[in-house]
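Visitor: I have a chain on the screen and some bench time to spare. Could you walk me through it?

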Amino acid sequence: LNTLEKWVTEIFSEIPNNGLPKPSFGHLTQPFDTPGFHKLYRVIPVRKVHSLSITWALPPQEQYYRVKPLHYISWLVGHEGKGSVLSFLRKKFWALALYGGNGETGFEQNSTYSIFSISVTLTDEGYKHFYEVAHVVFQYVKMLQKRGPDKRQVIWEEIQKIEANEFHYQEQTDPVDYVESLCENMQLFQKEDFLTGDQLLFEYKPEV
C-alpha cells in the first residue's frame, strides 16, 4: 500500500484543482418531451427476431440510489411466476421472454432524466398481436400504480437479501475494471457507499 500511495502521489499530485463544482444538467428538464418520443417505431432487424420495447422517460432517480425504486419496479415487471405478465403472455403463446429496468448509469440515468424500458421477445404469433401485448404491459403497470408499493416490505427485503448475497459471493473481477467502476461510483455516491452504492439496497421508502 505504501508503494501504491507513493506512485499515486507522484503521478497525480501535480494535477491542479480548479475548485469548480461538478457540472449538473438538472435544469434541462424533460429532454424527451418531443413528438418524436411519443410514437411507435417499427425497425427491421438484422436477425430474425420479434421484439417489442416500451420506453418511459422519468425524472432523475440517481439521488435515490439507497432506495433503488426502479430496481424494485423492474423486479416486479420481470417476475416470471404465477400472475406475472410473462406468465400470462406465455399462456397465450405470444412471448418467450420479458425484462425491464434501468442500467443506472450513463445514458439510462443521469442528472437530467432516467429511462425505464420493458422489452418483450415475441413469438411469431405474438408479433401478430403486439398491440394486445403492449396493452397487457400497460395494464400491469397501471395495476402496480393503483396498488402502490408492498406495505409489508416483503418484496423489497427479498430483493435486498438477494442483492446482498450476490455482492458477498461475487466473482473476482479484473482489477482495472474494478478500479474504473469505483472511480465512477465516487462521482455518484456518498463516500461510505463507494463500494456498495451501485449494488445494495439500504432504505425502504415507499413514497419514493
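Visitor: Start with the helix α2. Which elements are included in what covers its buried residues?
Guide: This is a predicted model. The buried residues of α2 are P69, L70, H71, Y72, S74, L76 and V77. What covers them includes β1, β2, β3, α5 and α6.

Visitor: How many of the residues of α2 are buried?
Guide: Buried means under 20% relative accessible area. The helix is largely enclosed by the rest of the structure, because so many of its residues meet that mark. The count is 7 of 9.

Visitor: Step back to the whole chain. What pattern does it follow along the sequence?
Guide: There are 7 helices and 3 strands. Read in sequence order, the pattern is α-β-α-α-β-β-α-α-α-α.

Visitor: What share of the chain's residues is buried?
Guide: The C-alpha atoms fill a box of roughly 65 × 40 × 35 Å along the principal axes. The accessible surface comes to about 15,300 Å², with 58% of it belonging to carbon and sulfur atoms. The chain has 208 residues, and the buried share is 28%.

Visitor: Of the contacts with a separation of 6 or more, what percentage joins residues 24 or more positions apart?
Guide: Contact here means heavy atoms within 4.5 Å. Among contacts with a separation of 6 or more, the share from residues 24 or more positions apart is 73%.

Visitor: How far apart are the centres of the positive and negative side chains?
Guide: The chain has 21 positive side chains and 26 negative ones. Each set has its own centre, and the distance between the two is 13 Å.

Visitor: Now the interior. Which element supplies the largest share of the largest nonpolar core?
Guide: Nonpolar side chains tend to be buried together in soluble globular proteins. The largest core here has 26 residues, and L52, V85, L89, L98, I118, V120 and V133 touch the most other members. At least two residues each come from β1 (50–58), α2 (69–77), α3 (85–91), β2 (95–101), β3 (114–122), α5 (130–147) and α6 (154–168). The largest share, 6 residues, comes from α5.

Visitor: Take L89. Which residues does it contact, leaving aside neighbours within four places in sequence?
Guide: L89 is one of the core members that touch the most others. Beyond its sequence neighbours, L89 is in contact with W94, A95, L98, V120, V133 and V136.

Visitor: And L86: which residues does it touch, not counting those up to four places away in sequence?
Guide: L86 lies in helix α3. Its relative accessible area is 1%, so L86 is buried. Outside its sequence neighbourhood, L86 touches H79, E80, A95, L96, A97 and L98.

Visitor: How far is L86 from M186 in space?
Guide: The two residues are 100 apart along the chain. Between their C-alpha atoms, the separation is 37 Å.

Visitor: Is Q61 buried or exposed?
Guide: Q61 sits in the loop between β1 and α2. Not counting residues up to four places away in sequence, Q61 touches P69, L70, Q109 and S114. Its relative accessibility is 13%, so Q61 counts as buried.

Visitor: K68 has a positive phi although it is not a glycine. Is K68 buried or exposed?
Guide: K68 is in the loop between β1 and α2. Its phi is about 55°. At 4% relative accessibility, K68 counts as buried.

Visitor: F93 also has a positive phi. Is F93 buried or exposed?
Guide: F93 is in the loop between α3 and β2, with a phi of about 60°. Exposed means over 50% relative accessible area. F93 has 63%, so F93 is exposed.

Visitor: What is the relative accessible area of P45?
Guide: P45 is in the loop between α1 (2–12) and β1. P45 lies 37 Å from E158, C-alpha to C-alpha, with their positions 113 residues apart in sequence. P45 is partly exposed, at 39%.

Visitor: Which residues does UniProt list for "domain: Peptidase M16 C-terminal"?
Guide: The UniProt entry is unreviewed. Over this stretch the chain is 32% helix and 17% strand, and the end C-alpha atoms are 47 Å apart. The record lists residues 3–153.

Visitor: How much strand is there over residues 167–207?
Guide: UniProt, in an unreviewed entry, places "domain: Peptidase M16 middle/third" there. The end C-alpha atoms of the stretch are 26 Å apart. Helix makes up 39%, and strand 0%.

Terms used:
Residues numbered from 1 in each chain as written. Predicted model: local features only at pLDDT ≥ 70, side-chain atom pairs only at ≥ 80, totals over all residues. Heavy atoms only, no water. Helix = DSSP H or I, 4+ residues; strand = E, 2+ residues; numbered from the N terminus. Buried < 20%, exposed > 50% of the residue type's maximum accessible area, 1.4 Å probe, protein only. Areas by Shrake-Rupley, 256 points an atom, 1.4 Å probe, with all protein chains shown as cover. Lys, Arg positive; Asp, Glu negative; His and termini not counted. Charge placed at Lys NZ, Arg CZ, Asp CG, Glu CD. Core = buried A, V, L, I, M, F, W, Y, C linked by side-chain atoms within 4.5 Å. UniProt positions renumbered as here; feature names shortened; annotations may be inferred.
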